[in-house]
Amino acid sequence: MKKLSLRTRVLTGAVAVAALGAGTFGAVSASASTPAAAPAVALKADASNGNLQQTTHLTIAAATKAAQATLDAAEKENQRVSVAVVDRNGNTIVTLRGDGAGPQSYEAAQKKAFTAVSWNAPTSELAQRLANAPTLKDIPGTLFLAGGAPVAAKGAPIAGIGVAGAPSGDLDEKFAQAGAAELAK
């Protein structure tokens, strides 16, 4: 291989650096000059817009108040339970696991709350529907056992309260109803 002169090596290096710099500058210039996407059409956020719907949501303060009232009702009867309050979409707002509540009660309470708000009905009532529609129990995230109570405003469900851990679903549901009643005060 022929040895290149110092001059040839310097010129070759300078050309390489210039080409690299030009490519970088061109890429930066191209990205800087690319026009921004047109902004999406903004909707007027007012009640007269037919494309919008206003909904009622339970605040975290109200959900916590309901959960605590539920837990207090259970503790008055020496029951160790977990309580879950979910929003209209079934998302958990707050959970309380009472002292000594079983490990299964936490998830069961969430599923009962989700089930109650999904059908806007107490889960004891929904459990009875399984005789006519047994595949209801196959819907993910649901639990068709007594212990869930819906919370409604103006006839529409806004939350669900689920309780699990008492010796019977009837007791669980009684405590969930106490939480719902606290919200009605």
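This passage describes the sheet, the helices packed on it and several individual residues of a predicted model.

The sheet is open and consists of 4 strands in the order β2-β1-β4-β3, with antiparallel pairing. At its edges lie β2 (92-97) and β3, each of which pairs on one side only, and neighbouring strands are turned by 15° against each other on average when direction is ignored. Starting from the β2 edge, β1 and β2 run antiparallel and are joined by 5 bridges, and within this pair Ala 84 stands opposite Thr 95 of β2. Helix α2 packs on the sheet, where it touches β1, β2 and β4, and the direction of α2 makes about 30° with that of β2. Helix α3 also packs on the sheet, in contact with β1, β2, β3 and β4, and its direction makes about 155° with that of β4.

Strand β4 (residues 156-164) is joined to strand β1 (residues 82-87) by 6 bridges, the two running antiparallel, and in this pairing Val 86 stands opposite Gly 160 of β4. Strand β3 (residues 148-153) also pairs with β4 in the antiparallel sense, over 6 bridges, and here Gly 148 is placed opposite Gly 162 of β4. Because 8 of its 9 residues are buried, β4 is largely enclosed by the rest of the structure.

One residue of β4 that can be followed in detail is Pro 157, which counts as buried because its relative accessibility of 15% falls under the 20% limit. Apart from neighbours within four places in sequence, Pro 157 is in contact with Arg 88, Val 117, Asn 120, Val 151 and Ala 152. Pro 157 and Ala 116 are 41 residues apart in sequence, yet their C-alpha atoms are 9.1 Å apart in space.

Ala 116 and Val 117 are themselves among the buried residues of helix α3 (residues 103-119), a list that also includes Ser 105, Ala 108, Ala 109, Lys 112, Ala 113 and Thr 115. The cover over these buried residues of α3 includes β1, α4 (123-129), β3, β4 and α5 (169-184). After α3 comes Asn 120, whose phi is positive, near 50°.

Most residues other than glycine have a negative phi, and two further residues with positive values may be set beside this general rule. Asn 78, in the loop between α2 (60-76) and β1, has a phi near 55°, a positive value in a residue other than glycine, and with a relative accessible area of 68% Asn 78 is exposed. Lys 154, in the loop between β3 and β4, likewise has a positive phi of about 55° although it is not a glycine. The hairpin to which Lys 154 belongs has 2 residues between the strands β3 and β4, and Lys 154 is exposed, with a relative accessible area of 88%.

A loop position may also be buried, as is seen for Leu 136, which is placed in the loop between α4 and β3 and has a relative accessibility of 18%. Not counting residues up to four places away in sequence, Leu 136 touches Trp 119, Arg 129, Leu 130, Thr 142 and Phe 144. Leu 126 is 10 residues from Leu 136 along the chain, and the C-alpha atoms of the two are separated by 9.1 Å.

How values were computed
Residues are numbered from 1 along each chain as its sequence is written. This is a predicted model: local features need pLDDT of at least 70, side-chain atom pairs count only at pLDDT 80 or more; totals for chains, interfaces and linings use all residues. Side-chain values use heavy atoms; hydrogens and water are left out. Buried means under 20% relative accessible area, exposed over 50%, partly exposed in between (1.4 Å probe, protein chains only). Two strands pair if DSSP finds at least two bridges between them. Contact means heavy atoms within 4.5 Å. Axes are lines fitted to C-alpha atoms, for helices over the stretch in contact, and angles run from 0 to 180 degrees between N-to-C directions.
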